[in-house]
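Subject: Structure handover

Hi there,

Here is the structure I promised to pass on to you. Have a look at it first, and then read on for my notes on what turned up.

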Amino acid sequence: MIWGIFKRDMCHATRNVIAVIVSMGLVVVPALYAWFNIAASWDPYGNTKALKVAVANNDKGYKSDLIPVRVNVGETIISTLHANDQLDWQFVKSDKAIDGVKSGEYYAAIVIPKGFSADMMTLFSPDIKHAQLKYYLNEKINPIAPHITDQGATTVVNTIDKTFAKTIAQVGLDLASSILHYSQSPQMAEYMRNLNGNLTTMADTLSGASQQVTSYSQLLGSANDIVDSTGKLLASATKAGKQAQNALKQGKSGATSLTSAGANVTSSVNTALDQVLGAFDQVAAKVNKAFDALGKDSDTAASQLATLSEQVSSGESLYDTYITSLNHMRESVEQLPDSDSAKQALLEAIDREITLLEAAKGDSQKLAQQLKDASTQVTQDTAAAERSRKEILNRITSAKQSISNVRDDYATNVKPKIDALASTVSTLISQTDSMITQLSGTADDLDDVTGDVGTNVTSIRSALGAIAKKLDSSAATVKELITKLETGGNAGDGNSDGGDGDNDADSGESDELRALATANASTLSTLISAPVALHRVSVYPIANYGSAMAPFYTILSIWVGAIILCAMLKVTISDREKAHVLGLGDTLPRIAGPSGPGNASRWGLRLDHEYFGRYAIFALLALLQGTLVCLGDTYFLGVQANHALQFLAVGWLAALVFSNIVYTLTVSFGDIGKAVAVVLLVMQVAGSGGTFPIETLPKFFQMLYPFLPFPHAIDAMHAAMAGSYGNEYLLDMVYLALFLIPSLLLGLVLRKPVIRLNNWVSRNLESTKVM
């Protein structure tokens, strides 16, 4: 099926002359696009001689009494630029130069100010000025021209630097020669004697300074003993702080005990009082019940009253528990210091609470006795029993009031004082503990300081000892210099007499100095002005700028060729073509349904057959495009290609990958897919790194870079042109081929769900009668 579709497409494409011409145009146009761009950028930096740059010299020059040489750096610049053909230098007045830049006659202008040489020579004065050239630049004429003229201006600055260094070196060598001749005069001998005297004085001064430094070191040793004593005193303070902390911990334990005792008493009070009050209510009810049953069964009533008497007696243990808890609390309060103002008030409140509790206990005991007496009277005298009933009920009321008094007094007087005392003691202990901790930390810090001081004093004494040694050494060096100067003077006088070995050595040094001073000053100054030469070593050299840009424009033209193919050729197959391929005549049967992809699948023409069958002619024309553009680069333009077959293979693979991507986008999304292909083209032109290094581009393009096919195709073509490092070429080819996977996935699998959507979009676009 695929072969049948391809054969019919080839027949249609070669049916007439116009079809053949158009097919040839589809192959040639991308190549022309690449060749024109490569040829235009073949050697742009080699044709900068036509760029006009104005130069105006206003330098007045410089001459001083110290250096009797007239210096005019501006004239040196002009004479150097006359011999420079890097740019089209125009030597004019400063006004014309500036106006020419504004009008566009000159791309740039360099103006040398009046005091340029004088500013450069301030190197030998206290007030140093930085010499500046005025550089005028017209940036609107061309985006690249400013960078080229900047390179020319940099050349001028480098020339000035070298000229200035050469001039200074030459003057210095001339001065050295003059000094050598001057050193042999009588005046120089007098100067040497004065110098020796001054050096002797300096040596004596250095020796005295060494002695003073030694004295300072001894004084610091005495101070170190004082520091040690201070450290011991601080250690004692630290020990006292720790003892105070231990005592504070004991106080804190007492406060905790007090708080715990208060909490226990509070719990005991609440439990005991609730139980007693409830018990009295029950006793009252049972007393009434017993007396009410007196007329019916006096024995039963007597038995009930006796039982109530025993229950009331057994309840006295609750009073004892409460009294015991209060006594524990009183013991805890007595542990507080007598200076605490709350101690005595709390003790009095606890004592009053114990008194009230004992009174309540007495009422309970009397109630028990009355109940017991009533149990014996109810069987003897009814009138006496009724009186006992009233007395018992009154006693119960009195006992309940006593209990209420105990509870109210505890809540009003005892518990608030306990809580306030516990809070005050806890706060005081916390603050005191914090203060003791800070004092202890301060003592520790001071101890560390004294230790550091002792260590620092030791190190300072060591440093002072080293300084004293250095001073002694410097004094010895000065004395040795005095000896050498005296020996050198004698050697200079006694060279003709032969002298000893040392004199011969000094004579040799004098001969070397004399040879340096009498050598060619111009040659030496040139060496000093530029001691280092740049030796450029090209790794994977590229012949010219056109060859360097060829991969970018070649890959770009192949993508453009793929877009042109999809713009000129149909990506879908008509029903008539499907019928001919299937041998069904001119039309498909009606059961095929509406025209569209996959409607002939029931007769064996599947969707993948349609995809690859129509893509075959796209692939053929794309391969022809890649072949033509790569062969033209190599043999027509002369682009460097050390590995021509690899170069051609990159073009073939790029043609297949790019044509498949654009074809798949078009066959899947129609005209929208063509627009997406154009967007991808624009993104890759900006973010492929074909012109500027990817590291210089914005962060967005750096992140997008690995996921675009252009960079891998360009890198593979570079490797084919100049050589590959390791498996660089093969890896880039594999990365490029991997882009076929998502393209084929979209065209063969993901395309099915979007067929209806694409048909709907196409119908709506056609309904506009414009699109």
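Contact, in what follows, means heavy atoms within 4.5 Å. With that in hand, 78% of the contacts in the protein chain between residues at least 6 apart in sequence join residues at least 24 apart. Please keep in mind that this is a predicted model.

The overall picture comes next. The protein chain has 22 helices and four strands. Of its 771 residues, 37% are buried. About 43300 Å² of the protein chain is exposed, and carbon and sulfur atoms supply 58% of that area.

Now to the sheet. Its four strands form an open sheet in the order β2-β1-β3-β4, and the pairing is mixed. Which strands stand at the edges? They are β2 (88-91) and β4 (134-137); each has a single partner strand, so one side of each is left without a neighbour in the sheet. On average, neighbouring strands here are turned by 20° against each other, direction ignored.

As general background, strands of a sheet pair through backbone hydrogen bonds, either parallel or antiparallel. Strand β1 (residues 52-57) pairs with β2 in the parallel sense over four bridges, and β1 and β3 also pair in the parallel sense, over five bridges. A residue worth clicking on is A54: it stands opposite Q90 in β2 and opposite A109 in β3. Another bridge into β2 joins K52 to its partner D88.

Two helices go with this sheet. Helix α3 (residues 73-82) lies across β1, β2 and β3 (108-112), and runs at about 150° to β1. Helix α4 (residues 94-103) packs on the sheet too, where it touches β1, β3 and β4, and its direction makes about 155° with that of β3.

You may also like the salt bridges. In general, side chains of opposite charge can pair when their charged atoms come close. How many salt bridges does the structure hold? There are six, and these are some of them:

- D9 forms a salt bridge with R614, with the closest N and O atoms 2.9 Å apart. This pair links distant parts of the chain, since D9 sits in helix α1 (residues 2-13) and R614 in helix α16 (residues 607-637), 605 residues apart. Both D9 and R614 are buried.
- E610 and K578 meet through their side chains in a salt bridge of 3.4 Å, N to O. E610 belongs to helix α16 and K578 to helix α15 (residues 575-582), so the pair ties together parts that are 32 residues apart in sequence. Is E610 buried or exposed? With a relative accessible area of 5%, E610 is buried, because buried means under 20%. K578 is buried as well, with a relative accessible area of 1%. D575, K578 and E610 are linked in a network of salt bridges.
- K674 and D671 form a salt bridge between their side chains (3.5 Å, N to O). Both residues lie in helix α18 (residues 671-687), three residues apart, which is about one turn of the helix. K674 is partly exposed, with a relative accessible area of 28%.

On the surface, V17, I18, I21, V22 and M568 form a nonpolar patch with about 500 Å² of accessible area together. Helix α2 (residues 17-40) gives the most to this patch, with four residues. One of the patch residues, I18, lies in helix α2, and its relative accessibility of 59% is why I18 counts as exposed.

Lastly, a note on R352, which is placed in helix α10 (residues 341-377). R352 is partly exposed, with a relative accessible area of 37%. Which residues does R352 contact, leaving aside its neighbours within four places in sequence? They are D409 and N413. R352 and Y410 are 58 residues apart in sequence, and 9.3 Å apart in space from C-alpha to C-alpha.

That is what I have for you; happy to talk whenever suits.

Best wishes

Methods
Residues numbered from 1 in each chain as written. Predicted model: local features only at pLDDT ≥ 70, side-chain atom pairs only at ≥ 80, totals over all residues. Heavy atoms only, no water. Patch = residues over 30% accessible without salt bridge, like charges linked within 9 Å, V, L, I, M, F, W, Y side chains within 5 Å. Areas by Shrake-Rupley, 256 points an atom, 1.4 Å probe, with all protein chains shown as cover. Salt bridge = Lys/Arg side-chain N within 4 Å of Asp/Glu carboxyl O. Buried < 20%, exposed > 50% of the residue type's maximum accessible area, 1.4 Å probe, protein only. Pairing = 2+ DSSP bridges. Axes fitted to C-alpha atoms, helices over the stretch in contact; angles between N-to-C directions.
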